[in-house]
Amino acid sequence: METNCADGSSPHSSEEVFSSDKSLQNEKGVESTREGNWSDLTEQALVDIFSRLNLGERWNRASPVCKSWFKASRDPFLWHVVDFEQYFGRTRENAFWWTVEFQKKIDRMVKIAVDCGGGNLRELHVRHCSDESIAYMAQRCPNIQRLSIKTCQNVTDTSVCQIASGCYKIEELDISYCYNISHASLEKIGANCKYLTTLKRNMLNSLDPSEHRDAIPTEYINMAPLSGDDEATVFAKYMPNLKHLEIKFSKLSPKGLRILVDGCPNLEHLDLFGCLNLRSRELDEVTANAKNLKVLIKPNFFIPRASFNAERYGHWQLYDERFQTNAFQI
């Protein structure tokens with residue numbers, strides 16, 4: 001279903017995102033309200049009612065009914081929090097989501113959300129958008145506090161630098177699986193966004209290709225940053241207030257980990273799952289003095305035996321030490 005804007009244009013096609021929401025398949029939905037007389041309801045009353053609906057119901061069901069419902073559904077009060085992520089998360093990632101056409105649709109939807117928020121957008125969760133919509137958001141949403149733009153293959157340093165200069169109130173940032181963002185723009189984020197306490201910079205699992213087969217382009221997985229130490233240095237130097245950090249499958253070395261822990265003394269939650277360059281003894285030595293660390297997720301990761309040649313290390317016990325797990329023991 002497409003929802004027309006006030007000017008008659010058709011800015012988005014949302015069925016690809018919202019189709020996984022079973023509540024939207026309910027034939028009764030908002031249309032069941034025909035039994036009562038809703039035509040006399042004030043806009044304030046409609047806004048109050050729409051605030052009880054989820055994003056998909058407001059977007060696909062309420063908005064197209066009539067002009068007054070369309071207007072009420074675009075009230076800024078309803079657009080402080082916009083979470084598209086939940087609709088991506090309900091099904092396995094589809095290769096279609098990586099197409100240029102789908103990205104354009106998501107960009108249009110993000111722009112609509114930004115416009116509806118009227119500059120008061122506080123929280124945005126989305127995937128597969130590009131610099132176009134993120135730069136648009138950064139220029140118009142100075143009050144945003146939580147931003148998640150996971151798996152955005154065409155979000156680059158260009159828009160992230162605009163976030164750094166225009167969205168200094170950010171407290172939580174998730175840029176997981178965004179491989180065209182470098183440590184250079186993260187440096188600007190750290191220098192300008194002093195309220196940032198949560199950062200998620202996870203990488204895709206490149207060790208077990210079967211996990212992403214037919215869902216994510218292989219060439220994109222291979223674009224992962226080769227060094228995690230550069231980013232660790234940025235975190236330590238420019239983000240000393242971090243409390244929650246996730247860097248799954250980073251190529252972080254023991255040296256980089258030491259720099260990170262020393263530079264971020266307030267860390268309470270550190271997720272190192274899949275960081276296979278770290279060994280147990282080195283990990284214990286480096287984190288021993290992290291007094292505020294409450295949660296440490298170690299690099300435990302099971303790799304099917306078929307994925308590796310056992311002769312490479314000569315003995316399975318070496319796998320046990322290198323990968324921090326006993327899953328390899330025979």
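This note goes through the nonpolar core, one buried cysteine, one helix and the internal cavities of a predicted model.

1. The largest nonpolar core holds 81 residues, and the members that touch the most others are Phe 84, Leu 124, Met 137, Phe 235 and Leu 257. Helix α6, which covers residues 100–117, gives this core its largest share, namely eight residues.

2. Met 137, one of those most-connected members, can be followed in more detail. When residues up to four places away in sequence are not counted, Met 137 touches Val 114, Leu 121, Leu 124, Ile 144, Leu 147, Ile 163 and Cys 167. Leu 124 in that set is itself among the core members with the most contacts.

3. Cys 141 sits in the loop between α7 (131–140) and β3 (146–150). Is this cysteine buried or exposed? Its relative accessible area is 0%, and because buried means under 20%, Cys 141 counts as buried. Once neighbours within four places in sequence are left aside, Cys 141 is in contact with Val 114, Gly 119, Leu 121 and Cys 167; of these, Val 114, Leu 121 and Cys 167 also appear in the list for Met 137. From Cys 141 to Gly 117 the distance is 8.4 Å, C-alpha to C-alpha, although 24 residues separate the two in sequence.

4. Helix α12 runs over residues 254–263, and its buried residues are Gly 256, Leu 257, Leu 260, Val 261 and Gly 263. An α-helix has 3.6 residues a turn, so residues three or four places apart point the same way. The elements against which the buried residues of α12 pack are α11 (229–238), β6 (244–246), β7 (269–271) and α13 (280–287). Leu 257, buried in this helix, is also one of the core members that touch the most others.

5. How many cavities of 30 Å³ or more does a search of the whole structure find? The search finds two, and the largest of them contains about 50 Å³ of space. Its lining is made up of Met 203, Ala 224, Pro 225, Ser 227, Gly 228, Glu 231, Phe 249, Ser 250 and Lys 251, which divide by class into four nonpolar, three polar and two charged residues.

6. The second largest cavity has a volume of about 30 Å³, and it is lined by Gly 228, Glu 231, Ala 232, Phe 235, Ile 247, Ser 250 and Leu 252. By class, that lining has four nonpolar residues, two polar and one charged. Gly 228, Glu 231 and Ser 250 occur in the linings of both cavities, while Phe 235, from the second lining, is also among the core residues with the most contacts to other members.

Notes. Residues numbered from 1 in each chain as written. Predicted model: local features only at pLDDT ≥ 70, side-chain atom pairs only at ≥ 80, totals over all residues. Heavy atoms only, no water. Core = buried A, V, L, I, M, F, W, Y, C linked by side-chain atoms within 4.5 Å. Buried < 20%, exposed > 50% of the residue type's maximum accessible area, 1.4 Å probe, protein only. Helix = DSSP H or I, 4+ residues; strand = E, 2+ residues; numbered from the N terminus. Contact = heavy atoms within 4.5 Å. 1 Å grid on protein atoms, 1.4 Å probe; cavity = no way out; pocket = protein on both sides within 12 Å on 5 of 7 lines; lining within 4 Å. Points joined across faces, edges and corners; volume = space filled by probe spheres on them. Nonpolar A, V, L, I, M, F, W, Y, C, P; charged D, E, K, R; others polar.
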